[in-house]
Amino acid sequence: ESTVMRTHALRALSVAVSKGKIIVEAPGKKPKTMKFKPGDTEWREAGTKYSLKNVGSAPFEIVDIELK
């Protein structure tokens with residue numbers, strides 16, 4: 001399971017709802033493997049371009065909160 005390349009127009013805080021392991025890919029950067037447990041957070045600046053790929057053994061859920 002993966003997402004298409006996308007860009008957040010606003011700053012965003014992502015909050016993990018479930019446990020998971022993903023690979024984050026961004027143009028011009030090495031792919032980054034990240035592990036999450038429920039409640040973990042990740043900050044993204046406006047204009048960040050990326051895609052996600054779930055490499056764990058179960059569905060992974062995350063909530064993005066964009067800030068103005």
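The legends below accompany an overall view and several close-up views of a predicted model.

**View 1. Overall fold of the predicted protein, built from 7 strands and 0 helices.** Read from the start of the sequence to its end, the elements follow the pattern β-β-β-β-β-β-β. The radius of gyration is 12 Å, close to the 11 Å that the globule rule gives for 68 residues, so the protein is as compact as a globular protein of that length. The C-alpha trace spans about 30 × 25 × 15 Å along its principal axes. Among the contacts with a separation of 6 or more, 72% are made between residues that lie 24 or more positions apart.

**View 2. The largest nonpolar core, which comprises 8 residues.** Its members are Ala-16, Ile-22, Val-24, Met-34, Phe-36, Tyr-50, Leu-52 and Phe-60, and at least two residues of this core come from each of strand S3 (20-25), strand S4 (32-36) and strand S6 (49-54). Within this set, Met-34 touches Ile-22 and Val-24, and its contacts also include Gly-20, Lys-21 and Glu-42, when residues up to four places away in sequence are not counted. In the protein as a whole, 25% of the 68 residues count as buried.

**View 3. Surroundings of Thr-7 in strand S1 (residues 6-7).** Thr-7 has a relative accessible area of 48% and is therefore partly exposed, since this value falls under the 50% above which a residue would count as exposed. Once its neighbours within four places in sequence are left aside, Thr-7 is in contact with Gly-47, Thr-48 and Lys-49. The C-alpha atoms of Thr-7 and Tyr-50 are 6.6 Å apart in space, although 43 residues separate the two in sequence; Tyr-50 is also one of the residues of the largest nonpolar core.

**View 4. Glu-45 in the loop between strand S5 (41-44) and S6.** With a relative accessibility of 45%, Glu-45 counts as partly exposed. Leaving aside neighbours within four places in sequence, its contacts are with Leu-10 and Arg-11. Glu-45 and Leu-10 are 35 residues apart in sequence, and their C-alpha atoms are 7.1 Å apart in space.

**View 5. Surface and charged side chains of the protein.** The accessible surface comes to about 4,800 Å², and carbon and sulfur atoms contribute 56% of this area. The protein carries 13 positive and 8 negative side chains, and the centres of these two sets lie 5 Å apart.

Definitions and conventions
Residues numbered from 1 in each chain as written. Predicted model: local features only at pLDDT ≥ 70, side-chain atom pairs only at ≥ 80, totals over all residues. Heavy atoms only, no water. Core = buried A, V, L, I, M, F, W, Y, C linked by side-chain atoms within 4.5 Å. Buried < 20%, exposed > 50% of the residue type's maximum accessible area, 1.4 Å probe, protein only. Helix = DSSP H or I, 4+ residues; strand = E, 2+ residues; numbered from the N terminus. Contact = heavy atoms within 4.5 Å. Rg over C-alpha atoms; globule rule 2.2 N^0.38 Å. Areas by Shrake-Rupley, 256 points an atom, 1.4 Å probe, with all protein chains shown as cover. Lys, Arg positive; Asp, Glu negative; His and termini not counted. Charge placed at Lys NZ, Arg CZ, Asp CG, Glu CD.
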